[in-house]
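This report goes through selected local features of one protein model. Please look over the sequence and the structure before reading on.

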Amino acid sequence: MKIRKLLSLLLALTMLLSVAGVASAETAVTDLPRNETLYFGGQQWGTVNSWNPVGTNQNNAMGTTTNPSGSRTIMFETLYMYNLLDGSMVPLLADGDPVWAEDQTSVTVTLNDAAIWSDGTDVTSADVVRTWEISLQLNNTAGANYSPFIESIEAVDDLTFTINLTTNEAGQPVNPLKVEDFLVATFVAQAAWLDTLEERNNGDTVAMLNDEALDAPYTGPYGPYLSNDQLVAFVRNDNYWGQDESMWGSLPVPKYIAHTIYADNAQTEVAFRQGEIDVGQIFVPNVQDLWEEEGLPVSGYMLEEPYGICLTMPTAWYNLNNPILQDATLRKAIAIAVDYDAIIENAITNQSPTFEEVPRSCMNPTEVEQALYDHEAVADLQWTGNDIEGAIAMLEEAGYVDVDGDGYRETPDGEKITLTAVCPNGWTDWQAAIELVAAAGQNIGIEITTLYPESSTYSTVYSNPNQTEYDIFMQSPDGAGPSQPWGRIRQFMSSDFVGLENNFSGNYGQYSNERIDEILALIPITTDEEELTALYTEAVEIYLTEVPSFSLMYRPQFFHFVNESVWTNFPYQDDGTNIPPTDCTDGYGIAALYNLQLVEG
């Protein structure tokens with residue numbers, strides 16, 4: 001152990017010299033050996049702002065991206081890695097599973113005693129505690145997201161700490177699921193460096209959040225190597241603690257991780273086709289043509305439709321500020337009339353299962369989530385779409401008729417129905433979907449006009465709880481993570497978001513249902529599987545009956561396409577590795593870096 005730490009100290013000196021010039025294009029070496037470099041595309045847009053593990057606005061996609069579906073841990077690391085394939089939390093900095101108190105009011109975690117920082121010092125409970133304390137002080141992403149659910153974090157000893165959960169008046173934990181999100185999503189930063197960060201910025205929170213943090217120690221397998229307006233690259237730490245037998249047992253295969261900064265998705269796709277990118281997080285229309293017709297060494301996680309795992313579902317939300325849309329009959333009539341097969345074919349070129357293959361609910365298509373509700377109990381409420389006759393019959397029975405003969409129906413009290421369907425301009429797949437929503441209205445005698453404002457305008461309008469400009473508009477709920485699908489149901493229907501200014505979190509249409517709020521409070525503290533299934537099933541039943549919104553397609557949270565011109569042995573479906581298609585970097589997906597092989601010849 002002492003020899004390893006000495007070597008790490010020597011490496012740290014070398015890395016500091018490298019990091020000192022990381023932002024300087026003039027002093028950096030740009031000719032990375034192709035047979036030692038794994039190139040990515042579709043994630044980094046623009047020059048990196050900082051390497052700050054507790055900051056904001058880093059614009060450092062490869063280095064500082066955090067997410068409950070699996071944070072990107074090539075540089076900074078989390079306590080656990082989420083695996084979306086089976087919903088498991090795999091220890092990373094942690095040693096073994098989290099240990100929950102019987103009443104779920106606290107959880108205790110032990111750190112791996114092999115874990116060290118890039119400066120050779122041990123990772124300790126003090127680092128975890130200090131990271132949490134400064135997150136609260138800065139109100140950064142971790143502080144803002146998890147402070148309602150975590151009361152405190154206390155060190156038990158150098159390697160053990162306890163998270164005390166926030167409890168309600170009855171002494172029950174508010175939400176253990178969100179604490180699990182914290183365990184897989186939040187980077188641990190070094191306590192000593194955080195003290196330095198605070199001192200050099202005189203405690204100014206804005207300055208601390210925006211600090212470039214070129215000197216920040218890290219625990220991950222790669223550190224900063226090069227950053228300019230054309231490229232960002234990381235170099236492997238050959239004394240990375242993870243090669244210990246208690247963790248990976250070896251180093252990741254590529255010496256360098258690099259991401260060329262392209263102008264747009266089209267330019268990125270060209271580079272991917274040419275083999276300049278090994279792992280592409282890009283949407284490629286009719287991607288199968290690349291290998292079936294063009295014969296390129298390109299593939300997805302699956303070789304057949306939908307080619308990847310869909311984790312989220314772009315959704316059309318009804319604005320219930322419009323009194324006309326407060327009638328669930330009208331909402332459902334429009335929803336069942338939409339041709340979803342046409343949306344899936346045209347908007348996402350069949351890179352989504354259909355709603356016949358995966359019947360609609362609040363769950364994504366993964367086996368983990370699909371197993372959480374009773375499918376038979378809600379089968380009569382589900383719809384696959386393009387049911388024009390059924391929609392017309394619903395409207396006729398409810399009194400929606402064409403009073404003035406203009407081809408469009410009025411409400412039962414004679415009010416003219418004029419709706420808008422909206423998404424951002426230039427989002428071509430969403431625009432194709434919204435056009436088909438409007439077409440469904442035309443087919444059933446409901447006037448729906450499409451609008452395509454610029455994204456900057458769109459975001460300011462739909463996030464306003466009092467807006468009346470958009471009647472039907474698109475947004476995507478969250479994908480995978482320990483707190484899903486509870487979190488997605490909350491996004492669809494929770495009253496927590498009603499009236500919330502600058503609402504980018506959920507329930508954008510202002511739906512309210514007391515029973516849903518009760519269900520959302522019960523799910524996180526329910527451990528009995530039958531009771532949990534009943535709660536999820538009831539939530540799905542309410543959603544499909546009330547239709548406050550309706551999903552238009554399933555969609556990958558990660559587009560994971562690989563070009564095997566240089567590297568091979570990427571993860572594939574049913575290959576026996578259980579490594580998810582998360583671009584070889586996110587959550588347990590980073591395990592892919594240890595299996596890669598160079599293409600022979």
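Which residues does Gln58 touch, not counting residues up to four places away in sequence? The contacts of Gln58 are with Val48, Asn49, Ser50, Asn52 and Thr64. The model is a predicted one. Gln58 sits in the loop between β1 (37-41) and α2 (61-64). With a relative accessible area of 11%, Gln58 is buried, because the cut-off for buried is under 20%. One polar contact can be named here: the side chain of Gln58 reaches the backbone oxygen of Asn52 at 2.8 Å. Asn52 is also one of the residues that Gln58 touches.

**Nonpolar cores**

The largest nonpolar core contains 89 residues. Those with the most contacts inside this core are Tyr318, Tyr340, Ile446, Met493, Phe550 and Leu552. Helix α19 gives the core its largest share, eight residues. Apart from this core lies another, of 83 residues, and among them are Ile150, Ala216, Trp248 and Trp567.

Leu552 can be followed further. Leaving out residues up to four places away in sequence, Leu552 touches Pro314, Thr315, Ala316, Tyr340, Ile343, Phe355, Ala433, Val437 and Met474. One of these, Tyr340, is also listed with Leu552 among the residues with the most contacts inside the core.

Helix α19 also holds Glu529. Is Glu529 buried or exposed? Glu529 counts as exposed because its relative accessibility is 66%, and the cut-off for exposed is over 50%. Glu529 and Pro424 are 105 residues apart in sequence, and the distance between them in space, C-alpha to C-alpha, is 41 Å.

**Cavities and a pocket**

Rolling a probe the size of a water molecule over the atoms shows where empty space is left. The count of cavities of 30 Å³ or more comes to three. The largest cavity has about 70 Å³ of space. Its lining consists of Leu79, Val128, Thr131, Trp132, Ser135, Ala142, Phe182, Thr186, Phe187 and Val188. Helix α3 (residues 125-138) supplies the largest share of this lining, four residues. By class, the lining of the largest cavity has seven nonpolar and three polar residues, and no charged ones.

The second largest pocket has a volume of about 590 Å³. Three elements give two or more residues to its lining: α5 (176-185), α12 (367-370) and α19 (529-546). The lining of this pocket is made up of 26 residues, and Leu177, Glu180, Pro482, Gln484 and Leu532 lie nearest the centre. By class, these lining residues are 15 nonpolar, eight polar and three charged.

**Backbone features**

Which residue follows Gln484 through a cis peptide bond? The bond from Gln484 to Pro485 is cis, with omega near 5°. Pro485 is placed in the loop between β17 (472-475) and α17 (486-493). Gln484 is also one of the residues nearest the centre of the second largest pocket. Another cis peptide bond joins Glu305 and Pro306, with omega of about 10°. Pro306 is in the loop between β12 (298-300) and β13 (310-312).

Helix α14 (residues 388-398) has a cap at its N-terminal end: a side-chain oxygen of Asp387 lies 2.9 Å from the backbone nitrogen of Gly390. Just after α14 comes Gly399, with a positive phi of about 95°.

Two residues other than glycine also have positive phi: Asn502 and Asn578. Their values are set out below.

| Residue | Phi | Location | Relative accessible area |
|---|---|---|---|
| Asn502 | about 50° | loop between α17 and α18 (514-522) | 59% |
| Asn578 | near 60° | loop between β21 (567-568) and β22 (597-598) | 36% |

Where do these two residues stand with respect to the surface, exposed or partly exposed? Asn502 is exposed, because 59% is over the 50% cut-off. Asn578 is partly exposed, because 36% falls between the 20% and 50% cut-offs.

Note on methods: Residues are numbered from 1 along each chain as its sequence is written. This is a predicted model: local features need pLDDT of at least 70, side-chain atom pairs count only at pLDDT 80 or more; totals for chains, interfaces and linings use all residues. Side-chain values use heavy atoms; hydrogens and water are left out. On a 1 Å grid over the protein atoms alone, a cavity is a set of points where a 1.4 Å probe fits but cannot get out, and a pocket is an open set with protein on both sides within 12 Å along at least five of seven lines; lining residues have an atom within 4 Å of a point. Grid points are joined across faces, edges and corners, and a volume is the space filled by probe spheres set on the points. Ala, Val, Leu, Ile, Met, Phe, Trp, Tyr, Cys and Pro count as nonpolar, Asp, Glu, Lys and Arg as charged, and the others, Gly among them, as polar. Buried means under 20% relative accessible area, exposed over 50%, partly exposed in between (1.4 Å probe, protein chains only). A polar contact is a pair of N or O atoms within 3.5 Å; within protein, one must be able to donate a hydrogen and the other to accept it, and residues adjacent in sequence count only if both atoms are side-chain atoms. Contact means heavy atoms within 4.5 Å. A nonpolar core is a set of buried Ala, Val, Leu, Ile, Met, Phe, Trp, Tyr and Cys residues joined through side-chain atoms within 4.5 Å.
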